[in-house]
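This report looks at how selected helices pack against each other and at how a group of aromatic rings is arranged.

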Amino acid sequence: VIFEVAVSVVLLAGAGVLTKSFVRLTAVNPGFRPESVLTVRIQRQSYQQQFCSQVLDRAAAMPGVLAAGAASNLPMTGQDWGQNLTVEGRPFRGDQDYVWACHRVASLDYFRTIGMRLLKGRLFSAADTRDRPTVAVINEAFAKKAWPNEDPLGKRFRIGDYPEHAGDPVAVIGVVSDAKYLGLADEPFPEMFFSMNQGGATNGMTFVFRTAQDPHALVGGVRDIIRAIDPNQPIAKVSTLETVVAESVAPQRLTMLLGGIFAALALVLAGTGLYGVISYSVAQRTHEIGVRMALGAPHNRVIRLVVAQGLGLTLVGLAVGLAAALAFGQLLAGLVFDVNPRDPAIFAAVSFVLALIALAASYLPARRAAETDPLSALRHH
């Protein structure tokens, strides 16, 4: 029983820490608004800008569509790729002066559709075409990395591994809020967005459609639009932005569920084990209990006698389990987010729950013992 209680403490504490971590993780702001957004991924190499523009124009006119946009990759999908760049007008001393940033191509209405806030400057406009100087919208992380304590608007950078081989200068026209890169627990990465109208090499595009209804209701209409424009264009993936966010925390959700299942099983084993041991002890002490009651022991004293035995075993198990849980907490440090793996509140809650289970498991045999007829108990051998 002591071993079962100790194991229950360790597993319940671990499950509590994982659950608290998951709750806090899912409460993190991803940097965009994932609700009510349908995503449709296509793989396309040629005539991409013209094709995407036609799809967006037709989709924006569909009933229920509030906004439509497209980007080479969405946040938290693991499909990003990046490039080294150098800040114009700053001496280049070596690799430490590089800024690495995720490279994305986006349509005019992408930021409004996905729900990324404009903090400074402006977003892309129809005037940002191929025959105009290349411009970029960057995120906060990029601005802090490249121009700490400076206003990035109007500043320029060049993409390339070495200044002498770098491309044409790119002017910063706007700064948007940070979006999570791979997962909710990750720090934002520097990101640079280029206008789809100005071109840019990509391996495909992902359409995003914000709607006032269930996003899945748009799937059929979007498929029809794509087929009408190009019957040979395959659709790689259809999903919702909420699903993208949910998939990013799937490993943490699975870990939490497994921990909870094992903790629940251990709790059941501890409770039934304690009940079995106390019941067996009461049966072995039937004669003794009969003597006590024949000599005038009240029912409540018999109950306290039996319950004290169960709680004693539980307290020993709790002490052993809490010591083990403190040591085990160090192993959970790399699996949890914004939670102390040795959280005193969780340990106190686990101890309280196990004490209640022990009280219930001990009280039932104790009450049965207190209701025993003294004469029958005295004849018991």
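Which residues in helix 1 meet which residues in helix 9? In this predicted model, the helix 1 side of the contact is made by I2, V5, A6, V9, V10, A13, G14, V17 and L18, and these meet L313, T314, V316, G317, L318, V320, G321, L322, A324, A325, F328 and L332 in helix 9. By class, the contact of helix 1 with helix 9 has 17 nonpolar and 4 polar residues, and no charged ones.

Helix 1 spans residues 2–26 and helix 9 spans residues 299–332, and the two pack with their axes 7 Å apart at an angle of about 40 degrees. Because angles under 35 degrees count as roughly parallel and those of 65 to 115 as roughly perpendicular, helix 1 and helix 9 are oblique to each other. The crossing in which helix 1 passes helix 9 is right-handed.

A second packing involves helix 2 (residues 48–60) and helix 5 (residues 219–229), whose axes come within 10 Å and cross at roughly 140 degrees. That angle makes helix 2 oblique to helix 5, and helix 2 passes helix 5 in a right-handed crossing. From helix 2 the contact draws on F51, Q54, V55, R58 and A59, and from helix 5 on I225, I226, A228 and I229. Sorted by class, the contact of helix 2 with helix 5 comprises 7 nonpolar, 1 polar and 1 charged residues.

The aromatic residues form the next topic. Across the whole structure, a search finds 8 aromatic pairs, among them the two in the table below, both of which include F111.

| Pair | Distance between ring centres | Angle between planes | Class |
|---|---|---|---|
| F111 and F124 | 6.1 Å | 45 degrees | tilted |
| F111 and F193 | 5.0 Å | 75 degrees | edge-to-face |

The pair of F111 and F124 links distant parts of the chain, 13 residues apart, with F111 in helix 3 (residues 110–114) and F124 in the loop between strand 5 (118–121) and strand 6 (135–139). F193 lies in strand 9 (residues 191–195), so its pair with F111 of helix 3 ties together parts that are 82 residues apart in sequence.

Are these rings buried or exposed? F111 is buried, with a relative accessible area of 1%, and F124, at 6% relative accessibility, also counts as buried. F193 is buried as well, as is its partner F111. Together with Y110, the residues F111, F124 and F193 form one aromatic cluster.

Notes
Residues are numbered from 1 along each chain as its sequence is written. This is a predicted model: local features need pLDDT of at least 70, side-chain atom pairs count only at pLDDT 80 or more; totals for chains, interfaces and linings use all residues. Side-chain values use heavy atoms; hydrogens and water are left out. Axes are lines fitted to C-alpha atoms, for helices over the stretch in contact, and angles run from 0 to 180 degrees between N-to-C directions. Helices (H or I, at least four residues) and strands (E, at least two) are DSSP runs, numbered from the N terminus. Angles under 35 degrees count as roughly parallel, over 145 as roughly antiparallel, 65 to 115 as roughly perpendicular and the rest as oblique. A crossing is left-handed if the near helix is turned anticlockwise from the far one by less than a right angle, and right-handed if clockwise. Contact means heavy atoms within 4.5 Å. Ala, Val, Leu, Ile, Met, Phe, Trp, Tyr, Cys and Pro count as nonpolar, Asp, Glu, Lys and Arg as charged, and the others, Gly among them, as polar. Rings of Phe, Tyr and Trp (its six-membered ring) pair if their centres lie within 6.5 Å; planes under 30 degrees apart count as stacked, over 60 as edge-to-face and the rest as tilted. Buried means under 20% relative accessible area, exposed over 50%, partly exposed in between (1.4 Å probe, protein chains only).
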